[in-house]
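Student: Hi! Could you walk me through a couple of parts of this one?
Tutor: Happy to, let's put it on the screen.
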Amino acid sequence: MVNEAMRKLGAQGNPMRVLFEYGKKRAAVIGAENVLDFALGNPSVPPPARVNEVIREVLDGPRADSIHAYTSAAGDLDVRRTLAKSLNRRFDAACRAEDLFLTAGAAPALCACLKGLCCPGDQFIVIAPYFTEYRVFVEGAGGEVLEVMAEKDTFLLDIPAIEAALNPRVKGVVINSPNNPSGVVYPSENLIALGDLLRRKSAFFDHPIYLISDEPYREVVYDGVQVPWVPHYYENTLVCYSYSKAISLPGERIGYVLVPPAMDDHDVVYQAVAGAGRCTGHINAPALFQQVAAACDGMVSDLTAYTTNRNLLYENLTAMGFECVKPNGTFYLLMKSPEPDAAAFSRRAMELDLLFPDTGSFAYPGYVRIAYCVPTRRVEMSLPRFRKLAEMYGLTPAENG
Ligand code: PLP
């Protein structure tokens with residue numbers, strides 16, 4: 001006898017990974033170069049050169065004897081001091097070492113926040129379309145998911161819709177900007193409106209409504225777009241960050257939770273986050289990569305390839321008659337399915353060995369997500385196949401308006 005809910009989660013796998021596994025099987029038959037896989041958000045550009053230098057320096061440095069040892073559960077104190085300084089310099093965050101809790105990436109950071117905050121009966125608002133795992137994380141923490149749709153077409157926060165969903169059971173709101181899967185970055189006006197709403201509703205319900213800001217793509221932006229620092233707009237914000245995407249270290253598992261000093265009941269919230277980590281087996285974030293994070297905070301991989309891919313896809317797909325959301329961050333492009341059943345569209349693309357998931361699992365049916373963190377050659381090879389799809393559906397450039 002096992003926990004049936006857990007068994008189901010383990011058996012299902014996430015749809016992007018299922019597609020990715022299919023791609024690998026297909027590659028064995030027709031050759032890897034012929035399978036055009038756009039399923040996974042696995043960074044394709046290397047980390048900045050400095051990352052490998054730092055690793056070598058740390059391994060050969062004065063702390064070489066202890067680099068593989070356990071650290072404090074929250075992370076090495078010097079590392080947290082350095083990180084706090086970096087965040088203060090970059091964002092005027094006014095934070096301290098004791099506000100940071102280092103984790104093995106954004107996913108465990110989110111889980112620690114959700115589990116730390118969640119009391120029986122609590123709900124968490126998530127903005128659809130949303131990262132598939134949010135539901136798993138919220139429910140795993142014992143909470144209930146309340147889905148609120150993003151604003152139609154712009155994919156920004158729909159403040160009236162969030163207001164309508166807020167009720168006394170809502171403990172928190174999870175946002176993600178730059179957004180997976182829409183690629184949209186929330187501008188400061190949108191966050192000002194959200195902050196005002198949450199402040200007003202917290203007072204009305206007489207308890208804080210926490211904002212959990214999931215930011216693994218913070219530096220992955222284009223055209224000079226600035227990503228606002230969310231705690232400036234709402235004091236009860238917990239920031240979940242990761243070095244997976246900005247410096248291409250997803251397999252090394254390093255990130256943090258920041259509980260800003262201005263938060264109501266700061267110490268209680270921080271302790272709850274730490275306790276939730278403990279409860280799920282957190283001992284400390286990987287020690288070597290704590291050092292890397294401290295030395296490399298704020299760096300960004302060379303985004304030239306993503307920029308080229310984004311432009312190639314957006315310009316060509318819209319010219320073919322597909323409707324796309326122009327991403328100004330992340331490495332995802334959201335494209336409207338030319339038939340109502342986006343899963344059927346994705347299957348049709350699969351027949352051309354063009355792999356991308358539909359957005360049903362992001363709780364926003366009708367679209368597909370194209371992860372363009374791939375070699376540019378793959379994007380170039382995909383264009384004739386997209387053209388074929390456009391022809392199959394009778395799209396014309398004029399339809400794009
Ligand atoms: N949040 C979002 C929106 C993501 O897209 C991802 C990974 O793709 C994560 C969190 C998890 O990131 P990490 O690798 O840091 O755990």
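Tutor: Here we talk through a small sheet and then a helix, bearing in mind that this is a predicted model.

Student: Sheet first, then. In what order do strands 9, 10 and 12 come in the open sheet?
Tutor: The order is 9-10-12, and the pairing in this open sheet of 3 strands is antiparallel. Strand 9 and strand 12 are at the edges with a single partner strand each, so each has one side without a neighbour in the sheet.

Student: And how many bridges join strand 10 to strand 12?
Tutor: There are 5 bridges between strand 10 and strand 12 (residues 367-371). Among the pairs, L334 stands opposite R369, and L333 has I370 as its bridge partner.

Student: What about the other side, how many bridges join strand 9 to strand 10?
Tutor: Strand 9 (residues 324-325) is joined to strand 10 by 2 bridges, again running antiparallel. C324 of strand 9 sits opposite M335 of strand 10.

Student: How many residues lie between strand 9 and strand 10 in the hairpin?
Tutor: There are 6 residues between them, and in that turn T330 has a positive phi of about 65 degrees.

Student: Why is strand 10 described as largely enclosed?
Tutor: Because 4 of its 5 residues (strand 10 is residues 332-336) are buried, the rest of the structure largely encloses strand 10.

Student: Okay, switching to helix 9. What span should its 14 residues have?
Tutor: At 1.5 Å a residue, helix 9 (residues 266-279) should span 20 Å, and the C-alpha atoms at its ends are 20 Å apart, which agrees.

Student: Which residues of helix 9 are buried?
Tutor: In helix 9 the buried ones are H266, V269, Y270, V273, A276 and G277. Their arc around the axis is only 125 degrees, which puts them on the same side of helix 9.

Student: So what does that buried side pack against?
Tutor: The buried residues of helix 9 pack against several elements, including helix 4 (77-91), helix 5 (106-117), strand 2 (100-103) and strand 7 (237-242).

Student: And which exposed residues are on the face turned away?
Tutor: That face of helix 9 carries D267, V268, Q271, R278 and C279.

Student: Last one: which residue with positive phi follows helix 9?
Tutor: That is G281, with a positive phi near 90 degrees.

Methods. Residues are numbered from 1 along each chain as its sequence is written. This is a predicted model: local features need pLDDT of at least 70, side-chain atom pairs count only at pLDDT 80 or more; totals for chains, interfaces and linings use all residues. Side-chain values use heavy atoms; hydrogens and water are left out. Buried means under 20% relative accessible area, exposed over 50%, partly exposed in between (1.4 Å probe, protein chains only). Two strands pair if DSSP finds at least two bridges between them. The expected span of a helix is 1.5 Å times one less than its number of residues. The arc is that of the directions from the helix axis to the C-beta atoms. Contact means heavy atoms within 4.5 Å.
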